[in-house]
Amino acid sequence: MDRPVTTLFMLMSVDGKISTGASDHLDVDKDFPKIAGVKEGLYQYYEIEQTTDLWSVNSGRVQAKIGVNTADMPDKTPVSFVIIDNKHLQEHGVRYFCALSKQFVLVTSNEKHPAFEIEEDNLRILYQNELSLKDVLTKLKSEYSCERITIQTGGTLNELFLREKLIDYIDIVVAPVLIGGKDTSTLIDGTSIMSESELSKTGVLKLQECTVLKDSYLRLRYEVIH
């Protein structure tokens, strides 16, 4: 395979929500620790997250939501981060990921992105006129020796990965909560399937493991059958 093996790893509610609401001010990382009955078992998700791949792909929007544009500079980790972003990361956010990452690859279609003004040894910029996730993954393997990568983007980008058949595995931690709201982001957002001819764009899953965690949490692991 000419691209890395991919795993979509997410924390979601029982009704499939990956945010606590439709506003960018609402986010599971900030809000779940405040909810009684949810906060008690939340640590398990973060413990599992520490065992995921040493390459991780995220979106600038999600990272801006959790505050990287104003956060204190982090300690270096062994993880290499790929951020897909056109307008959400500011200069501080770019420097944050340079400080955090072994390698930091920014994917953008914005020729005026602040990252172009930053010189850091571990910063690489993949500029595309139009986003091609397949090309991004191919370059990550051929140019950066990335063999496996964890996807932790938002619902819209998750949908693009799915429709382009670029997700190999799903690893989901289910929190014991119902959030609701038709505008609240789900695991897979984007354009709905509108005809039978589009059903080939779905992802059929083969269950690999179902683990009952503490405090009514679940971990579900699937292989995606394309």
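Me: Let's fix terms up front: helices are DSSP runs of H or I with at least four residues, strands are E runs of at least two, and both are numbered from the N terminus. With that settled, and given that this is a predicted model, which helix holds G155?
Reply: G155 is tucked away, with a relative accessible area of 2%, so it counts as buried. Its C-alpha atom is separated by 7.0 Å from that of G190, which is 35 residues away along the chain. As for the helix, residues 155-163 make up the one that holds G155, and that is α6.

Me: How many helices and strands does the protein chain have, then?
Reply: The C-alpha trace spans about 45 × 45 × 30 Å along its principal axes, and buried residues account for 46% of the 226 residues. Within that chain, the count is six helices and nine strands.

Me: What radius of gyration does the protein chain have, set against that of a compact globule?
Reply: Start from the 226 residues: a compact globule made of that many would come out near 17 Å. The protein chain agrees with that expectation, so its radius of gyration matches the globule rule, at 17 Å.

Me: What's the strand order in the open sheet?
Reply: The sheet has nine strands with mixed pairing. β5 (123-127) and β8 (204-212) have a single partner strand each, so they stand at the edges with one side lacking a neighbour in the sheet. Neighbouring strands are turned by 20 degrees against each other on average, ignoring direction. Reading across from one edge, the order is β5-β4-β3-β2-β6-β1-β7-β9-β8.

Me: Do β8 and β9 pair in the parallel or the antiparallel sense?
Reply: In general, strands of a sheet pair through backbone hydrogen bonds, in either sense. Here β9 covers residues 218-225 and is joined to β8 over eight bridges, with V204 standing opposite I225. The sense of that pairing is antiparallel.

Me: On β2, which residues are buried on each side?
Reply: Buried here means under 20% relative accessible area, and five of the five residues of β2 (55-59) meet that. In a regular strand the side chains alternate between the two faces of the sheet. That leaves both faces of β2 covered, one by W55, V57 and S59, the other by S56 and N58.

Me: And in β6, what is the bridge partner of V57?
Reply: β2 is joined to β6 (residues 148-151) by two bridges, and the two strands run parallel. For V57, the partner in β6 is I151.

Me: What's the handedness of the crossover from β2 through α3 to β3?
Reply: β2 and β3 (residues 80-84) pair in the parallel sense over five bridges, with W55 opposite S80 and S56 opposite F81. Between the two strands the chain passes through α3 (residues 60-65), giving a β-α-β crossover that is right-handed.

Me: Through which helix does the chain cross from β3 to β4?
Reply: Five of the five residues of β3 are buried, so the rest of the structure largely encloses this strand. S80, V82 and I84 point one way from β3, with F81 and I83 pointing the other. β3 runs parallel to β4 (residues 104-108), joined by four bridges, and I83 stands opposite L106. The chain makes a right-handed β-α-β crossover from β3 to β4, and the helix on the way, residues 91-100, is α4.

Me: Within what arc do the buried residues of α5 fall, seen down its axis?
Reply: The twelve residues of α5 (133-144) should span 16 Å at 1.5 Å a residue, and the end C-alpha atoms agree, being 16 Å apart. Its buried residues include L133, V136, L137, L140 and Y144. Those buried residues line one face of the helix, because they fall within an arc of 95 degrees.

Me: Is S216 buried or exposed?
Reply: Most residues other than glycine have a negative phi. S216 has a positive one, near 70 degrees, and sits in the loop between β8 and β9. Exposed means over 50% relative accessible area, so at 59% S216 counts as exposed.

Me: What about K165: what is its relative accessible area?
Reply: K165 lies in the loop between α6 and β7 (169-175). Its phi is positive, about 55 degrees, although K165 is not a glycine. K165 counts as partly exposed, because its relative accessible area is 33%.

Key: Residues numbered from 1 in each chain as written. Predicted model: local features only at pLDDT ≥ 70, side-chain atom pairs only at ≥ 80, totals over all residues. Heavy atoms only, no water. Pairing = 2+ DSSP bridges. Axes fitted to C-alpha atoms, helices over the stretch in contact; angles between N-to-C directions. Expected span 1.5 Å × (residues − 1). Buried < 20%, exposed > 50% of the residue type's maximum accessible area, 1.4 Å probe, protein only. Arc of directions from axis to C-beta. Right-handed = clockwise from strand over helix to strand, strands pointing away. Rg over C-alpha atoms; globule rule 2.2 N^0.38 Å.
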